[in-house]
Amino acid sequence: WLANIDNPNTRRAYESDVEAFVRFCGVETPDELRLVTRAHLIAWRGQLEALELAAATIRRKLSAISSLYEYLCNENAVDHNPVAGVKRPGEGSNEGKTPALSDAQAKKLLQAPQGGGLKAVRDRAILATYLFHALRRTELATLKVGSLQERRGVLHFRVAGKGSKTRFVPAHPAAAEAIDAYLRLAGHGEDRKGPLFRPTRNNRTGDLESAMTGDGIYKMLKAYAKAAEVQVEGLCLHALRATAATNALEHDADIGFVQEWLGHANISTTRLYDRRRSKPEDSPTFRVAY
């Protein structure tokens with residue numbers, strides 16, 4: 001079951017969730033999984049709520065158990081999925097909790113890498129790829145040089161998304177220009193099967209041919225945000241994805257196209273990025289006059 005989950009982060013989270021559920025139920029052998037009932041799931045959900053876990057975390061944990069039982073059902077190892085019918089916590093607010101940068105903050109971040117050195121040129125390309133295409137952390141880190149492909153005369157990113165789903169995202173001219181400058185300076189533009197974004201130094205192993213890690217890109221983001229005085233509570237790489245999605249919606253992009261662009265299976269997830277109704281400048285606060 002776990003081997004069929006391609007995303008390493010999802011695989012790690014689901015494994016931990018199932019282990020926690022098995023401990024809660026006292027399951028000691030695989031055969032005892034057949035004895036799990038809907039009541040076990042409801043009790044476990046109650047415990048998770050008592051621990052004051054976030055609704056999204058509880059939904060993910062229930063999804064992990066449901067995924068396991070769906071697999072066991074398909075393998076005829078069990079005859080039903082006990083998670084079916086178990087109510088999951090609601091989405092809560094119609095707006096996602098991931099922060100989004102303002103247009104001014106995004107511009108400052110894009111301009112933060114200064115100079116013509118390899119690191120600055122690479123980092124401008126990375127930030128442009130994030131802020132113009134709303135990729136996930138893993139999606140950007142796993143881009144290959146050959147992921148840039150022309151389709152009907154337009155340059156696209158071939159993105160390996162969640163659930164082994166591939167989507168093609170048109171490359172924004174600003175990002176394409178930044179990436180071209182980076183590849184010409186770095187010299188690996190002909191290595192089509194190699195990683196697109198690579199470290200400029202590696203004090204631990206000296207390997208400069210492998211892809212940058214998500215952690216490495218995150219540290220880079222934090223350094224430039226500090227240098228550009230972009231102060232956003234909870235700033236993370238996902239915030240750049242939220243920023244791009246929010247910006248596209250605020251500039252009248254069709255939400256259905258934004259859903260496909262983000263690689264969302266459900267449009268309700270896309271709506272979490274839609275902050276058009278909660279712009280501070282539209283608040284009645286600024287209509288009050290005495």
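What is the volume of the largest pocket? In this predicted model, the largest pocket has a volume of about 2000 Å³.

## Domain layout

The chain is divided into two parts, with domain 1 covering residues 2-75 and domain 2 covering residues 103-279. Measured out as a separation between C-alpha centres, domain 1 and domain 2 lie 32 Å apart.

## The largest pocket

The lining of the largest pocket is made up of 43 residues, and those that lie nearest the centre of the pocket are Ala-56, Arg-60, Lys-162, His-238 and Thr-269. Five helices each give two or more residues to this lining, namely H1 (8-25), H3 (55-74), H6 (137-141), H9 (237-250) and H11 (267-271). Helix H3 provides the largest share, which amounts to six residues.

Both parts of the chain take part in the largest pocket, since domain 1 (2-75) and domain 2 (103-279) each contribute at least three residues to its lining. Sorted by class, the lining of the largest pocket holds 14 nonpolar, 17 polar and twelve charged residues.

## The second largest pocket

The second largest pocket has a volume of about 530 Å³, and its lining consists of 18 residues, of which Pro-199, Arg-201, Asn-202, Met-212 and Gly-216 lie nearest the centre. Helix H5 (118-133) and helix H8 (214-227) each supply at least two residues of this lining, with the largest share, four residues, coming from H8.

In terms of residue class, the lining of the second largest pocket contains four nonpolar, seven polar and seven charged residues.

## Helix H8

Helix H8, which gives the second largest pocket the largest share of its lining, has 14 residues and reaches 20 Å from its first C-alpha to its last, close to the 20 Å expected at 1.5 Å a residue. Which residues of H8 are buried? They are Gly-214, Ile-217, Met-220, Leu-221, Tyr-224 and Ala-225. Seen down the axis of H8, these buried residues fall within an arc of 130°, and they therefore line one face of the helix. On the other side of H8, Lys-219, Lys-226 and Ala-227 are exposed.

## Helix H2

Helix H2 (residues 38-50) can be examined in the same manner: at 1.5 Å a residue its 13 residues should span 18 Å, and its end C-alpha atoms are indeed 18 Å apart, so the expected and modelled spans agree. The buried residues in H2 are Leu-41, Trp-44, Arg-45 and Leu-48. Because these residues fall within an arc of 105° when the helix is seen down its axis, they line one face of H2. Ala-39 and Ala-50, by contrast, are exposed on the other side of H2.

## A loop residue, Thr-142

Where is Thr-142 found? Thr-142 sits in the loop between H6 and strand S1 (148-151). With a relative accessible area of 41%, Thr-142 is partly exposed, because that class lies between the cut-offs of under 20% for buried and over 50% for exposed. Thr-142 is separated from Pro-89 by 53 residues in sequence, and the C-alpha atoms of Thr-142 and Pro-89 are 33 Å apart in space.

Terms used. Residues numbered from 1 in each chain as written. Predicted model: local features only at pLDDT ≥ 70, side-chain atom pairs only at ≥ 80, totals over all residues. Heavy atoms only, no water. 1 Å grid on protein atoms, 1.4 Å probe; cavity = no way out; pocket = protein on both sides within 12 Å on 5 of 7 lines; lining within 4 Å. Points joined across faces, edges and corners; volume = space filled by probe spheres on them. Nonpolar A, V, L, I, M, F, W, Y, C, P; charged D, E, K, R; others polar. Domains from an automatic or database assignment. Expected span 1.5 Å × (residues − 1). Buried < 20%, exposed > 50% of the residue type's maximum accessible area, 1.4 Å probe, protein only. Arc of directions from axis to C-beta.
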